[in-house]
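This report addresses a pocket, an arginine side chain and the aromatic pairs of one structure. The sequence and the model are shown first.

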Amino acid sequence: MAHRTQRHRTQGHLTRRPFTRRPLTRRTRTLLAAALLAALAGCGSGDPGGGAAPVKKAAPAVPKPAAAPAGLPGMPPLLDPKDVYAADRPDKLSPVVKNFPSRVYVPNTNSNTVSVIDPATYQVVETIPVGIQPQHVVPSWDMKTLWVNNNRGHTLTPINPATGVAGKPVEVHDPYNLYFTPNGKYAIVMASLDRELVFRDPHTMERRKTVPVSCYGVNHADFSADGRYFVVSCEFSGELLKVDTERMEVIGQQKLPFDGAMPQDVKLSPDGSTFYIADMMAHGMWVLDGEKFTTPTLLPTGKGAHGLYVSRDSREMYVPNRGEGSISVFDFEKDKLTKKWWLPDGGSPDMGGVSADGKVLWLSGRYDSEVYAIDTATGKQLARIPVGGGPHGLAVYPQPGRYSLGHTGVFR
């Protein structure tokens with residue numbers, strides 16, 4: 001195009017002429033388009049030699065999803081984010097416990113003993129003397145030890161579940177119940193009458209931190225799906241606490257909206273969205289949003305609702321109603337009670353657990369010195385077994401799961 005430029009030069013300088021818009025020819029448009037593509041390719045190719053590269057359309061910007069809150073440091077990740085009990089499937093025993101004999105350990109509060117039942121024969125095969133007023137038999141976080149909570153004896157009696165032999169008691173004041181943080185860092189003693197949550201070494205039980213509480217009768221608890229906090233029931237003042245696990249501090253407290261409420265067992269829903277709290281005076285279970293910790297609603301189940309036990313398939317929860325001799329069955333997906341089983345000769349079903357294969361629900365008969373075995377498919381009573389006086393928080397052992405959160409066996 002030199003000849004076009006020379007026409008407008010005067011003494012070696014370009015002269016400006018009045019601007020007149022002229023229509024672009026097809027050839028001009030083609031040349032301009034080619035030049036533009038070459039320029040874009042040179043800028044975006046990353047080729048240091050300036051070689052042309054194919055032009056790629058930029059991908060549309062996609063907003064990044066919000067990062068999920070980090071779990072408690074050291075806590076084993078959930079096998080399924082939608083089911084906190086995914087590790088508890090039938091007979092899915094950890095290598096740690098798979099060779100332990102199958103037994104049901106029953107603490108007899110009034111007899112200061114533990115009755116040991118063989119679930120295959122429904123017979124008591126041993127009676128172990130322990131401390132004063134044993135309340136619960138609790139599997140340790142590593143699942144290698146069963147701790148008997150001798151509440152008024154102020155000791156914990158260790159039992160080796162491989163041999164059934166009791167060891168030397170460990171001094172621990174007011175151990176009504178016992179839990180373990182999801183990372184296994186601490187044991188948490190529910191010191192009911194002392195009005196304390198006591199964080200201890202999970203093996204030696206040496207005191208690490210004492211958290212005084214203003215409510216009365218701390219007794220049961222369960223942890224959020226991420227392990228960052230746990231909800232505690234206070235039976236004598238009808239209150240709930242929310243406790244930060246890592247900071248070991250109470251971060252929420254509320255009074256239940258029922259005159260004379262006595263909250264008992266606490267259990268998290270499989271999807272981690274809801275806490276359920278059995279209440280033996282409100283005769284049902286409270287339904288709580290743990291994150292918001294707003295006022296819960298009451299779902300009636302039966303007189304003296306006490307324990308909460310999730311089925312091996314995570315579909316149902318069994319709610320023993322101690323005051324009327326029944327067990328209500330709650331369906332998580334349907335969000336309602338679907339069945340009610342009645343003990344044929346009455347009784348006082350209290351605390352317990354589900355067998356490793358998920359087929360039998362074992363419950364202590366608190367006021368009747370007996371234990372009930374119930375078919376989880378039909379609700380039929382399979383056995384009534386005489387034990388010592390005041391049987392309470394029995395433990396079915398071993399059970400599926402990777403680690404124990406405490407109580408009578410809450411596994412994840």
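## Lining of the second largest pocket

In this predicted model, the second largest pocket is lined by 10 nonpolar, 2 polar and 3 charged residues. The table gives these classes.

| Class in the lining | Residues |
|---|---|
| Nonpolar | 10 residues |
| Polar | 2 residues |
| Charged | 3 residues |

The second largest pocket encloses about 180 Å³ of space. Its lining comprises 15 residues, of which Ser102, Pro119, Ser355, Ala356 and Asp357 are the closest to the centre. Two or more lining residues come from each of strand E3 (103–108), E28 and strand E31 (395–397).

## Surroundings of Arg366

Strand E28 (360–365) is followed by a loop that contains Arg366 and leads to strand E29 (370–375). Is Arg366 buried or exposed? Its relative accessible area is 18%, and because buried means under 20%, Arg366 is classed as buried. The side chain of Arg366 makes a polar contact of 3.1 Å with the side chain of His392. Beyond neighbours within four places in sequence, the residues in contact with Arg366 are Gln135, Arg322, Ser348, Asp350, Gly390, Pro391 and His392.

## Aromatic pairs

The structure contains 12 aromatic pairs. In the pair of Phe223 and Phe230, the ring centres lie 4.9 Å apart and the planes meet at 45°, so the pair is tilted. Both Phe223 and Phe230 are buried. Together with Tyr186 and Phe199, Phe223 and Phe230 make up one aromatic cluster.

Notes:
Residues are numbered from 1 along each chain as its sequence is written. This is a predicted model: local features need pLDDT of at least 70, side-chain atom pairs count only at pLDDT 80 or more; totals for chains, interfaces and linings use all residues. Side-chain values use heavy atoms; hydrogens and water are left out. Helices (H or I, at least four residues) and strands (E, at least two) are DSSP runs, numbered from the N terminus. Buried means under 20% relative accessible area, exposed over 50%, partly exposed in between (1.4 Å probe, protein chains only). A polar contact is a pair of N or O atoms within 3.5 Å; within protein, one must be able to donate a hydrogen and the other to accept it, and residues adjacent in sequence count only if both atoms are side-chain atoms. Contact means heavy atoms within 4.5 Å. On a 1 Å grid over the protein atoms alone, a cavity is a set of points where a 1.4 Å probe fits but cannot get out, and a pocket is an open set with protein on both sides within 12 Å along at least five of seven lines; lining residues have an atom within 4 Å of a point. Grid points are joined across faces, edges and corners, and a volume is the space filled by probe spheres set on the points. Ala, Val, Leu, Ile, Met, Phe, Trp, Tyr, Cys and Pro count as nonpolar, Asp, Glu, Lys and Arg as charged, and the others, Gly among them, as polar. Rings of Phe, Tyr and Trp (its six-membered ring) pair if their centres lie within 6.5 Å; planes under 30 degrees apart count as stacked, over 60 as edge-to-face and the rest as tilted.
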